[in-house]
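Trainee: I would like to go through this model and ask what stands behind each label. Please set the values against the cut-offs as we go.

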Amino acid sequence: MAKTAIVTGSARGIGKAIAVKLAKMGYNIAVVDACPIEGSQETADEIKKEYGVETKAYRCDVSSSESVKETVADVAATFGSIDALVNNAGITRDGFLVRMKEEDFDAVIAVNLKGTYNFFREVVPVMSKQKYGRIVSISSIVGLEGNACQVNYSASKAGVIGITKSAAREYAGKNITCNAIAPGFVQTPMTDVLPEKVKEQMLAGIPLKRYGQVEDIANAVGFLVSDDASYITGQVLSVDGGMHM
Ligand code: NAD
């Protein structure tokens, strides 16, 4: 039976590239995103047509435990198993610590951290029954190093690493591996909005002298869900051109 993967935030950007990579590997894909359903449906249709796997689009806000519960139940019923979960959905609401609005702090924690927890909580019981699972969560270099104007984002991404390591210890006995990826600077709609000057400064700090592409992150996810990575759990893999060493 074909394996099934849930990829959150996969209507566009890094998430879409991850969904494409896993489809190429033969996974059926649950395309989960909070955007209007047309966005996820387009990605799901594109992947199904190109790679011949089964896909289904879901409109789901990862920060809503109810919405996540319904989505995961539907994925399990539709596809029969959940073999891989990729927690990729994320947002930024940058600003200086003292000027950051409380709602901007809360929103980033709700999506990036609570959203990751919500999916872990619903998917782990399914994987535990299967005695098989691969969970990869997208953290950030900022979760390892911190960054000015991103106390909310860096806290959420450091938290994702905490969830990953704790769950890795809890569920290793169920043959579930839990790892995180810490991307550096990847060219996506999230980073396209940054001023040119900031982008140039970023580039100067990348030893491999190029911005990351969405496929760089997707390839690392592909490895971590593969059998080749069956002895790797609780790790944070930096995919950043050497920014963090
Ligand atoms: P993006 O903004 O291009 O895509 C994010 C996707 O997540 C969008 O489709 C969006 O609709 C969806 N999303 C947002 N809130 C959601 C919610 N509440 N529920 C469900 N879906 C939601 O961003 P990206 O650059 O592709 O980033 C993907 C992930 O990688 C994020 O977790 C981000 O923090 C992380 N990351 C990105 C970079 C980078 O340089 N782009 C670097 C490090 C980490």
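Mentor: Start with helix α1, and keep in mind that this is a predicted model. α1 has twelve residues and spans 17 Å from its first C-alpha to its last, close to the 16 Å expected at 1.5 Å a residue.

Trainee: What is the 16 Å expected for α1 based on?

Mentor: The expected span is 1.5 Å times one less than the number of residues. For the twelve residues of α1 that gives the 16 Å, and the 17 Å in the model is close to it.

Trainee: Which residues of α1 are buried, and what do they pack against?

Mentor: The buried ones are I14, G15, A17, I18, A19, V20, L22 and A23. They pack against β1, β2, α2, β4, β5 and α9. After α1 comes G26, with a positive phi near 100 degrees.

Trainee: What makes a set of residues a nonpolar core, and how many residues has the largest one here?

Mentor: The members must be buried residues of the nonpolar kinds, joined through side-chain atoms within 4.5 Å. The largest such core has 31 residues, and I18, L22, I29, I181 and V221 have the most contacts inside it. Elements giving two or more residues to this core are β1, α1, β2, α2, β4, β5 and α9. Apart from it lies another core, of 30 residues, among them A30, F79, L85 and V111.

Trainee: Which residues does I18 touch beyond its neighbours in sequence?

Mentor: Leaving aside residues within four places in sequence, I18 is in contact with V7, V86, N88, I138, A218 and V221.

Trainee: Why are β3 and β7 called edge strands?

Mentor: The open sheet has seven strands in the order β3-β2-β1-β4-β5-β6-β7, with parallel pairing. β3 and β7 each have a single partner strand, so one side of each is left without a neighbour in the sheet. The twist averages 15 degrees from one strand to the next.

Trainee: How do you know that β1 and β2 count as paired?

Mentor: Pairing needs at least two bridges. β1 and β2 are joined by five and run parallel, with I6 opposite A30 in β2. β5 and β6 also pair in the parallel sense, over six bridges, and G133 stands opposite I176 in β6. Between β6 and β7, which run parallel, there are four bridges; A182 has S238 in β7 as its bridge partner.

Trainee: What makes β6 an enclosed strand?

Mentor: Eight of its eight residues are buried, so β6 is largely enclosed by the rest of the structure. Both faces are covered: I176, C178, A180 and A182 are buried on one side, and T177, N179, I181 and P183 on the other.

Trainee: Which helices lie across β6?

Mentor: Helix α6 lies across β5, β6 and β7, running at about 160 degrees to β6. α9 lies across β4, β5, β6 and β7, running at about 155 degrees to β5.

Trainee: Why is N118 called buried and K197 exposed?

Mentor: Buried means under 20% relative accessible area, and exposed means over 50%. N118 is at 1%, so N118 is buried; K197 is at 62%, so K197 is exposed. N118 is in helix α4 and touches V62, S63, S64, S65 and V68, not counting residues up to four places away in sequence. K197 is in helix α8; K197 and V32 are 33 Å apart, C-alpha to C-alpha, and 165 residues apart in sequence.

Trainee: What about C149 and N175, buried or exposed?

Mentor: C149 at 25% and N175 at 37% lie between the two cut-offs, 20% and 50%, so both are partly exposed. C149 sits in the loop between α5 and α6 and has a positive phi of about 70 degrees although it is not a glycine. N175 is in the loop between α6 and β6, and its phi is positive as well, at about 60 degrees, although it is not a glycine.

Trainee: How do you know that C35 is in no disulfide?

Mentor: A disulfide needs two cysteine sulfur atoms within 2.5 Å. For C35 the nearest cysteine sulfur is that of C60, 11 Å away, and C35 is in no disulfide. The structure holds zero disulfides. C35 has 22% relative accessibility, so C35 counts as partly exposed.

How values were computed: Residues numbered from 1 in each chain as written. Predicted model: local features only at pLDDT ≥ 70, side-chain atom pairs only at ≥ 80, totals over all residues. Heavy atoms only, no water. Buried < 20%, exposed > 50% of the residue type's maximum accessible area, 1.4 Å probe, protein only. Contact = heavy atoms within 4.5 Å. Axes fitted to C-alpha atoms, helices over the stretch in contact; angles between N-to-C directions.
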